[in-house]
Amino acid sequence: QCEHGGKFLESSGTAWSVTNLMACVDKGRKNAWGFNPRRAGITYFWGCDLGFKKDATALAICHWEQTQKGDFVLVYDYIDRMIVGEGEWENAHELDLEAILDWFEDMNQWLPGRFGVIDQYAGAMFTQLCTQRGLSFIELVHLTEAINSEAGFAIQGYINQGIARFPDVEKFIHEMGTVEAYYVGKHRIKIESPSGEKNAHDDMYDAVALAAWKAQKWMMEDGGKGFAYTGQAIQVGGEELRPGDLGVDLETASMAQLRVNERMKALERLSAARQGTMPMNARMSARRGRF
């Protein structure tokens, strides 16, 4: 049913209930795209999972928001993947490294990262290539069993407590509805795609969990300073929140806005010139002339 019928698994092994997962999905809110001046000053956390053949390369980008009641919500602005057999890679045998770097570089124009995590399997060379593209914030982390468990508990807790907000991305929702949780030791879990299931993936889950782990670590260490909002309405516990309800005025980000003002003007012109003309996985920077 999971593989062929597209149905979620409802068993004791699932990482979270479908009800809890769907309560965290903002119906109709798609991935953030293009230039938005309201994003000035926001601290974005990136979770990256690198794959080339059987596995996908996935990217999740999120930030913290604070409601009028003082509650913290982890809002995911963007979750997607590149994978062989899907979209423009339908007939490919392997993902292209340059295309992945192009994708990351372009997303950094719209949702500029401050903290990012990618696992050790990506290799130091990949992070060096990222640095050459202006993505020096992506940190190579050796994912131990303990860190994997911390990341799993983090995103599991945010979903079960209803304090994570996800965009309405069908393939991501399907993947999150099929991953399973296993106890691998005392107070440690591992969340992954169902064993033995063909075409089952957990790459977007990995990216989302890594972003949650980094965001949680930042919250605990920095005390949640410097919050800003996206300007989009979000749903928290069934209550719709508008930008004015999120407790932080753009004036708090004015200095950051001044520092990036010139870059944003250029991005706004670029966004207006090509809005809606290219798919996600296509090279969005016309300056390279690939498409």
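A polar contact is a pair of N or O atoms within 3.5 Å; within protein, one of the two must be able to donate a hydrogen and the other to accept it. In the predicted model analysed here, such a contact caps the N-terminal end of helix α3, where a side-chain oxygen of aspartate 96 lies 3.3 Å from the backbone nitrogen of glutamate 98. Helix α3 comprises 14 residues, 97-110, and spans 21 Å between its first and last C-alpha atoms, close to the 20 Å expected at 1.5 Å a residue. Because 11 of these 14 residues are buried, α3 is largely enclosed by the rest of the structure. The buried set includes the aromatic residues Trp103, Phe104 and Trp110 together with the acidic residues Asp102, Glu105 and Asp106.

The sheet was examined next. Six strands form an open, mixed sheet in the order β5-β4-β1-β2-β3-β6. Its edges are β5 (138-141) and β6 (164-165), each of which pairs on one side only. Within the sheet, β2 (residues 57-66) and β3 (residues 72-82) run antiparallel and are joined by 10 bridges. Cysteine 62 has tyrosine 76 of β3 as its bridge partner.

Two residues of the loop between α2 and β1 make contacts with the backbone elsewhere in the chain. Arginine 29 is located in this loop and counts as buried, since its relative accessibility of 8% falls under the 20% cut-off. A polar atom of the arginine 29 side chain lies 3.0 Å from the backbone oxygen of tyrosine 76, and the side chain of arginine 29 also reaches the backbone oxygen of phenylalanine 166 at 3.4 Å. The C-alpha atoms of arginine 29 and proline 167 are separated by 5.2 Å, although the two residues are 138 residues apart along the chain. Asparagine 31 occupies the loop between α2 (18-23) and β1 (44-49). With a relative accessible area of 19%, asparagine 31 is likewise buried. A polar atom of the asparagine 31 side chain lies 2.9 Å from the backbone nitrogen of isoleucine 79.

The second largest pocket has a volume of about 340 Å³. It is lined by 17 residues, of which Asn148, Lys190, Ile191, Tyr205 and Asp206 are the closest to its centre. The elements that contribute two or more residues to this lining are α5 (145-160), β8 (188-192) and α7 (203-222). By residue class, the lining of the second largest pocket divides into 8 nonpolar, 2 polar and 7 charged residues.

Terms used. Residues are numbered from 1 along each chain as its sequence is written. This is a predicted model: local features need pLDDT of at least 70, side-chain atom pairs count only at pLDDT 80 or more; totals for chains, interfaces and linings use all residues. Side-chain values use heavy atoms; hydrogens and water are left out. On a 1 Å grid over the protein atoms alone, a cavity is a set of points where a 1.4 Å probe fits but cannot get out, and a pocket is an open set with protein on both sides within 12 Å along at least five of seven lines; lining residues have an atom within 4 Å of a point. Grid points are joined across faces, edges and corners, and a volume is the space filled by probe spheres set on the points. Helices (H or I, at least four residues) and strands (E, at least two) are DSSP runs, numbered from the N terminus. Ala, Val, Leu, Ile, Met, Phe, Trp, Tyr, Cys and Pro count as nonpolar, Asp, Glu, Lys and Arg as charged, and the others, Gly among them, as polar. The expected span of a helix is 1.5 Å times one less than its number of residues. Buried means under 20% relative accessible area, exposed over 50%, partly exposed in between (1.4 Å probe, protein chains only). Two strands pair if DSSP finds at least two bridges between them.
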